[in-house]
Amino acid sequence: MVSLIVHALLGAFVVILIVRLNPTIFRRVAAEPLFSPIELALYAIGIASVIGGWSFNIAFVREYGHGIISNPIWGDGSWAQYIKLMFANPAAGSAGIDYTIANVVVLPVVVVVWGRRLGINKPWLYFVATLFASFAFGWAFFAATAERQRRLQLEGVKDVQTV
C-alpha cells in the first residue's frame, strides 16, 4: 500500500508540475468561464478513469501483496506481477498489448509533436502522468490543455479584431 501512496503523490506532483510549467496556458481566459464545457467533460472523464482504475489497483495490491509494505518492482503485488497478469490469457493479452502500444508509443509521439506545435512546455510530462494516474487521464488532460490553448488563441484573435 505504501507504493500506491507514493504513486499517487508522484501523479499529483506531475500534474502540478505541468500546470506550473505552463502558466500562460493555465490562466483564466478573459470574459469567459474558467473552464469550457469540453474541458469540464475531459477533466471529469480523466478523474473518473483514475477513480475506476485505482479501485482495481488497490484491490490488486490488497489481494496479491503482502501487507502494507511490499516490493513494488518484483514479487507478489508488484509491477512485474501486474504485467504478467495483464497477459494471463489471450483476451487479456489482446487488450494488454493494445493498451501498452497506445500508452508507450502512440501517446508520447502525439503529445510531444502536437504539444510542441501548441506551445505546451514539457509535453512529455503528459506521458509521465499516465504512469501514475491512468492512460485515459493523460489523454484527457492533454486534450483539455489543447482546448484551453485553442480558447486562448481565439481570445487573441478577438482582441486583434476589436482594435
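Which helices each supply at least two residues of the lining of the largest pocket? In this predicted model, they are α1 (2–21), α2 (37–64), α3, α4, α5 and α6. The close-up views below begin with the overall fold and return to this pocket.

**Figure 1. Overall architecture of the predicted model.** The secondary structure of the protein comprises six helices and zero strands. Read from the N terminus, the order of elements is α-α-α-α-α-α. Of the 163 residues, 34% count as buried.

**Figure 2. The largest pocket and its lining residues.** The pocket holds about 710 Å³ of space. Its lining is made up of 31 residues, of which H7, N57, W79, Y82 and L131 lie nearest the centre. Helix α2 provides the largest share of this lining, with eight residues.

**Figure 3. A salt-bridge network that includes R151.** The structure contains four salt bridges. E32, E39, R148 and R151 are linked in a network of such contacts. Within it, E32 pairs with R151, their closest N and O atoms lying 3.3 Å apart. Because E32 belongs to the loop between α1 and α2 and R151 to helix α6, this pair ties together parts that are 119 residues apart in sequence. R151 also meets E39 in a salt bridge, at 2.3 Å from N to O. That second pair joins helix α6 to helix α2 across 112 residues. The partners are covered to varying degrees: E32 is partly exposed, with a relative accessible area of 23%, R151 is buried at 3%, and E39 is buried at 0%.

**Figure 4. A salt bridge within helix α6.** The side chains of R150 and E147 form a salt bridge with an N to O distance of 2.8 Å. Both residues lie in helix α6, three residues apart, which is about one turn of the helix. R150 is partly exposed, at 39% relative accessible area, whereas E147 is buried, at 13%.

**Figure 5. Aromatic pairs and an aromatic cluster.** The count of aromatic pairs in the model is ten. The ring centres of F35 and Y43 are 5.7 Å apart and their planes meet at 80°; since an angle over 60 degrees counts as edge-to-face, the pair is therefore assigned to that class. F35 is partly exposed at 33% relative accessibility, while Y43 is buried at 18%. Y126 and F142 form another edge-to-face pair, with 5.3 Å between centres and 80° between planes. This pair links distant parts of the chain, Y126 being in helix α5 (residues 125–132) and F142 in helix α6 (residues 135–162), 16 residues apart. Both Y126 and F142 are buried. F26, F35, Y43, Y126, F137, F141 and F142 together form one aromatic cluster.

**Figure 6. A nonpolar patch on the surface.** The members of the patch, including W79, Y82, F87, V104 and W114, have about 1,000 Å² of accessible area together. Helices α3 (79–86) and α4 are the elements that give two or more residues to the patch, and α4 makes the largest contribution, eight residues. V104, which lies in helix α4, is partly exposed, with a relative accessible area of 47%.

**Figure 7. Backbone conformation at K122.** Most residues other than glycine have a negative phi. K122, by contrast, has a positive phi, near 55°. This residue is located in the loop between α4 (90–118) and α5. K122 is partly exposed, at 37% relative accessible area.

Technical notes
Residues are numbered from 1 along each chain as its sequence is written. This is a predicted model: local features need pLDDT of at least 70, side-chain atom pairs count only at pLDDT 80 or more; totals for chains, interfaces and linings use all residues. Side-chain values use heavy atoms; hydrogens and water are left out. Rings of Phe, Tyr and Trp (its six-membered ring) pair if their centres lie within 6.5 Å; planes under 30 degrees apart count as stacked, over 60 as edge-to-face and the rest as tilted. Buried means under 20% relative accessible area, exposed over 50%, partly exposed in between (1.4 Å probe, protein chains only). Helices (H or I, at least four residues) and strands (E, at least two) are DSSP runs, numbered from the N terminus. Patches are made of residues with over 30% relative accessible area and no salt bridge: like charges are joined within 9 Å, nonpolar side chains (Val, Leu, Ile, Met, Phe, Trp, Tyr) within 5 Å. Accessible areas come from the Shrake-Rupley method with a 1.4 Å probe; for residues, only the protein chains shown count as cover. On a 1 Å grid over the protein atoms alone, a cavity is a set of points where a 1.4 Å probe fits but cannot get out, and a pocket is an open set with protein on both sides within 12 Å along at least five of seven lines; lining residues have an atom within 4 Å of a point. Grid points are joined across faces, edges and corners, and a volume is the space filled by probe spheres set on the points.
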